[in-house]
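Visitor: I would like a close look at a single part of this protein, namely its nonpolar core and the elements around it. Please take me through that part carefully.

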Amino acid sequence: MPRRINPEQRDRAVVEAAWRVLTRDGLTALSVRNVAAEAHLPPSSLRYTFPTQASVRERAVDTLVDRLRQRVAAIPEPPGGPRWAHAALLELLPLDDERRVEMEVTLALGAAAMTDPDLRSSFNSVNAVVREVCTSAAAALGSEGKVAVDHLHALIDGLAFHLVRRTHGESTEWALKVLDAYLPGGARFVAGWSDAPDESR
């Protein structure tokens, strides 16, 4: 007899299954039937919440955005200072398994959006929240203006791309050093840190 799960658990299982299907098999495989099979759920259980491929895709993207916003909102440092800026920028980098999966999904969306006009708005919504965090971080570091934000956004995107392509378990220390070298004064100096932030979270 199938195990019973509450709607919140089911929705989470469906979103995570959609991410796995998307990153492993591509956008064309992101059907309700395939996602249900990946989540070990009968397709009928998704009928009302996720009736179409578009609804599954929309929820998968919305969850990406929501998770990032929630992590940034949960940063214990007061917004507007260099410590907050450093912590917020780290949330944009795939430094643990959770963020690595999210970045893999973002890259898959970006690749698909190049040939699928209907997907561009979804990818743009993810990119917009990254841009928003970079804008706030640049202002907190005293580097306001479009050029400063462009530079920071490009740096974060580049680091994220290289990090997600690394061998699983490989050190991410190099990426932290690059970020520190870019930020005014070096983030660890500004924040008073002598060691790299804990990546085990």
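Guide: What follows begins with the whole chain and then turns to the core, a helix pair and a few single residues.

The model is predicted, and for that reason local features need pLDDT of at least 70 and side-chain atom pairs count only at pLDDT 80 or more, while totals for chains, interfaces and linings use all residues. Residues are numbered from 1 along each chain as its sequence is written, and side-chain values use heavy atoms, with hydrogens and water left out.

The protein chain has nine helices and zero strands, where helices (H or I, at least four residues) and strands (E, at least two) are DSSP runs numbered from the N terminus. Of its 201 residues, 45% are buried; buried means under 20% relative accessible area, exposed means over 50%, and partly exposed lies in between, with a 1.4 Å probe and protein chains only. Among contacts (heavy atoms within 4.5 Å) with a separation of 6 or more, 60% join residues 24 or more positions apart.

The largest nonpolar core holds 62 residues, and those with the most contacts inside it are L89, L93, L152 and L179; such a core is a set of buried Ala, Val, Leu, Ile, Met, Phe, Trp, Tyr and Cys residues joined through side-chain atoms within 4.5 Å. At least two residues of this core come from each of α1 (7-25), α2 (32-38), α3 (53-73), α4 (82-90), α5, α6, α7 (146-164) and α8 (173-182), and α6 gives the most, with nine residues. In soluble globular proteins, nonpolar side chains tend to be buried together.

L152 shows how such contacts reach across the sequence: leaving aside neighbours within four places, L152 is in contact with L89, C134, A137, A138, Y182 and L183. L89 belongs to α4, where W84, A85, H86, A87, A88, L89 and L90 are buried, so that helix is mostly covered, with seven of its nine residues buried.

Helix α6 (residues 117-140) also pairs with helix α5 (residues 97-113), their axes coming within 9 Å and crossing at roughly 145°; the axes are lines fitted to C-alpha atoms, for helices over the stretch in contact, and angles run from 0 to 180 degrees between N-to-C directions. On the α5 side T106, L109, G110, A112 and A113 take part, and they meet L119, R120, F123 and V126 in α6. The residues of this contact divide into six nonpolar, two polar and one charged, with Ala, Val, Leu, Ile, Met, Phe, Trp, Tyr, Cys and Pro counted as nonpolar, Asp, Glu, Lys and Arg as charged, and the others, Gly among them, as polar.

The loop between α6 and α7 contains S143, which is partly exposed at a relative accessible area of 27%. Not counting residues up to four places away in sequence, S143 touches A138, A148 and P184, and the C-alpha atoms of S143 and L183, 40 residues apart along the chain, are separated by 9.6 Å.

In helix α8 lies W174, which counts as partly exposed at 35% relative accessibility. Beyond residues up to four places away in sequence, W174 touches L159, H162 and L163, and its C-alpha is 9.7 Å from that of L159, 15 residues away in sequence.
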